[in-house]
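Colleague: Before I rely on the labels in this model, I would like to hear the reasoning behind a few of them. Could we look at it together?

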Amino acid sequence: INLSWSGSPEIKDPSVALNIFRILQESISNAVKYSDSKNIEINVSNKGIFSMEVKDDGRGFAMNGNINGFGIENMRKRAVSIDGKLHIKSDIGKGTQVLLEV
């Protein structure tokens, strides 16, 4: 796992920080459990707008609209609760990318 963080190291609102942490936690958990990846990259920018990208080089999955497992649904609900946007992109054989913007 490689982490890159730019901008402020703190998130002032504890509720926002907790939801971001839980989304990060679920993204990493999914990559470890399901992707069979060798690398996970986490890129965070906290310069006025918070953005977090978690991507793996694993097997990926088909984006056929059927990606509503409990973990992904919980990530979406958490993003909405902090006025964020969650984008998930995956290609078979090319890995998965989870992007959160708050």
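Modeller: Gladly, with the reminder that this is a predicted model. Let us begin with Gln97, which lies in strand 5, residues 95-101.

Colleague: Why is Gln97 called partly exposed?

Modeller: Its relative accessibility is 26%, and since buried means under 20% and exposed means over 50%, Gln97 falls in between and therefore counts as partly exposed.

Colleague: What makes the pair of Gln97 and Glu53 a polar contact?

Modeller: The side chains of the two residues come to 2.5 Å, and the cut-off for such a pair of N or O atoms is 3.5 Å, so the value satisfies the distance criterion. Glu53 is also among the residues in contact with Gln97 once neighbours within four places in sequence are set aside, the others being Val54, Lys55, His87, Ile88 and Lys89.

Colleague: How do you know that strand 4 and strand 5 pair?

Modeller: Pairing requires at least two bridges, and seven join strand 4 to strand 5, so the two antiparallel strands qualify. Asp91, for instance, stands opposite Gly95 in strand 5.

Colleague: And what makes strand 4 an edge strand, given the order of the sheet?

Modeller: The five strands form an open sheet in the order 1-2-3-5-4, with mixed pairing; strand 1 (2-7) and strand 4 (85-91) each pair on one side only, and these are the edge strands. Neighbouring strands are turned by 10° against each other on average, with direction ignored.

How values were computed. Residues are numbered from 1 along each chain as its sequence is written. This is a predicted model: local features need pLDDT of at least 70, side-chain atom pairs count only at pLDDT 80 or more; totals for chains, interfaces and linings use all residues. Side-chain values use heavy atoms; hydrogens and water are left out. Helices (H or I, at least four residues) and strands (E, at least two) are DSSP runs, numbered from the N terminus. Buried means under 20% relative accessible area, exposed over 50%, partly exposed in between (1.4 Å probe, protein chains only). Contact means heavy atoms within 4.5 Å. A polar contact is a pair of N or O atoms within 3.5 Å; within protein, one must be able to donate a hydrogen and the other to accept it, and residues adjacent in sequence count only if both atoms are side-chain atoms. Axes are lines fitted to C-alpha atoms, for helices over the stretch in contact, and angles run from 0 to 180 degrees between N-to-C directions.
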